[in-house]
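Here's a quick tour to read alongside the model. Keep the viewer open and click through the residues as they come up.

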Amino acid sequence: MATEVQKRVIIVDVKGADSAVAQMRALQKAAKRVDTNVSRMGKTLGSLTNTVKAFIAYRIAAHVGQIGPAFISAADSMALMESKLRLVNKAGESTAETMGQLFDIANRAKSDVEAVATLYTRLANSTKSLGTSQQELARFTELVANTLVLSGASASEASSIILQLSQAMSSGVLAGEEYRAISEANVYFMNLLEKSTGKTRGELKQMSKDQEITTGVLLDLTKYLEETQTQMKSMGTTSGQQSTIMANEMKKLIGPASKLSIVWTGMKKQATEALKAINELVNGAPDKVVDEQSMLTPWTKLNLAIRRTKGEIA
């Protein structure tokens, strides 16, 4: 029979074993909780990573969506503008030189270069029989563009006046509907006409009825170009006009249509690169760190490609 001491040892051993087992079970439960928390943390980090990737992809897609269509639109505009100028330019006149002049005129007049080019080409078609030189046309174009701004004409009013004036000059006289439209919407132009002819507004109206306001009388207003330029400088530049000038510069950067095929080829390649990188962001790009700045690199390359095409850099 076991002694009292042996019984007590056995009881202690049993209790110790039970305690050890309980501690082991508690440790296992704690380990499971750690595993669960680590797993949850991993999922959270994974979700966060995907969110960051999606955000970066969104930002890059926005850049692609803005730059691509803007480039294509500007390229189309320049191609059309160059084609129109080729049709109206006389033998020996440089289309590139004319485009350069029109960009300068548009920026000085704080107007869209396409609207200025439309005015120029319509005036050129209207005065073919008069033998008007490229320089004379450019000066009269700037005069009209300036008077439209100084008169506060809206874009739709300016478009209408350009059409009416070109029709009047094509017919040889400013009369009828053309006279009415211009007298109502281009006040500054009419003021110059009064000054040049020495007639009142009422007398000018009668002159229009008598078909005495000829194309020659209108072209003579070019002598007031410098006056309108001074007035334009004194006006200052609004934020909207500054945006127009910036848009003109973008179109000027792209250049004439003869160089667009080279630029477009480069653009397609860079666009493919950008879109591929976006796809990697969305679907995951293992062992590769991609940030927004590196994603924008293709568009930086595109700008350099354009400048190389234009000969601005080597």
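**Leucine 165 and the big picture**

Start at leucine 165: leaving out residues up to four places away in sequence, Leu165 touches Phe140, Val144, Ile182, Phe189 and Leu218 (contact means heavy atoms within 4.5 Å). A word on the ground rules: this is a predicted model, where local features need pLDDT of at least 70 and side-chain atom pairs count only at pLDDT 80 or more, while totals for chains, interfaces and linings use all residues. Residues are numbered from 1 along each chain as its sequence is written, and side-chain values use heavy atoms, with hydrogens and water left out.

**Overall build**

- The protein has 14 helices and 0 strands; these are DSSP runs numbered from the N terminus (H or I of at least four residues for helices, E of at least two for strands).
- Of its 314 residues, 36% count as buried; buried means under 20% relative accessible area, exposed means over 50%, and partly exposed is in between (1.4 Å probe, protein chains only).
- About 17,900 Å² of the protein is exposed, and carbon and sulfur atoms supply 57% of that (areas by the Shrake-Rupley method with a 1.4 Å probe; for residues, only the protein chains shown count as cover).
- Among contacts with a separation of 6 or more, 75% are between residues 24 or more positions apart.

**The nonpolar core**

- The largest nonpolar core has 45 residues, and Leu165 is among those with the most contacts inside it, along with Met81, Leu102, Phe140, Phe189, Ile213 and Leu218.
- Helix 3 (residues 113-126) gives this core its largest share, 7 residues.
- For reference, such a core is a set of buried Ala, Val, Leu, Ile, Met, Phe, Trp, Tyr and Cys residues joined through side-chain atoms within 4.5 Å.

**Helix 10, a helix with two sides**

- Leu225, Thr228 and Met232 are the ones to click in helix 10 (residues 225-235): they are buried.
- Looking down the axis of helix 10, the buried residues fall within an arc of 65°, so they line one face (the arc is that of the directions from the helix axis to the C-beta atoms).
- As background, an α-helix has 3.6 residues a turn, so residues three or four places apart point the same way.
- What do the buried residues of helix 10 pack against? Their partners are helix 2 (95-108), helix 4 (134-150) and helix 7 (187-197).
- Thr230, Lys233 and Ser234 are exposed on the face of helix 10 turned away from its buried side.
- Right after helix 10 comes glycine 236, with a positive phi near 80°.

**Salt bridges**

- There are 10 salt bridges in the structure, each counted when a side-chain nitrogen of Lys or Arg is within 4 Å of a carboxyl oxygen of Asp or Glu.
- Glutamate 82 and arginine 86 pair up at 3.4 Å, N to O, and both sit in helix 1 (residues 4-88), 4 residues apart, about one turn of the helix.
- Is each of these two buried or exposed? Glutamate 82 is buried at 6% relative accessible area, whereas arginine 86 is exposed at 52%.
- Glutamate 142 and arginine 108 form another bridge, with their closest N and O atoms 2.8 Å apart.
- That pair links distant parts of the chain, helix 4 for glutamate 142 and helix 2 for arginine 108, 34 residues apart.
- Glutamate 142 is buried at 3% relative accessibility, while arginine 108 is partly exposed at 42%.
- Arginine 201 and glutamate 194 also meet, at 2.7 Å, N to O; arginine 201 is partly exposed at 29%, and so is glutamate 194 at 22%.
- Asp112, Glu114 and Lys251 are joined into one network by salt bridges that share partners.

**Loops worth a click**

- Asparagine 186 sits in the loop between helix 6 (176-185) and helix 7, and counts as buried at 1% relative accessibility.
- The side chains of asparagine 186 and serine 151 make a polar contact of 2.9 Å; that means a pair of N or O atoms within 3.5 Å, where within protein one must be able to donate a hydrogen and the other to accept it, and residues adjacent in sequence count only if both atoms are side-chain atoms.
- Beyond residues up to four places away, asparagine 186 touches Val144, Thr147, Leu148, Ser151 and Ile161.
- Lysine 110 isn't a glycine, yet its phi is positive, about 55°; this lysine lies in the loop between helix 2 and helix 3 and is buried at 11% relative accessibility.
- Glutamine 211, also not a glycine, has a positive phi of about 55°, and its place is in the loop between helix 8 (201-209) and helix 9 (215-219).
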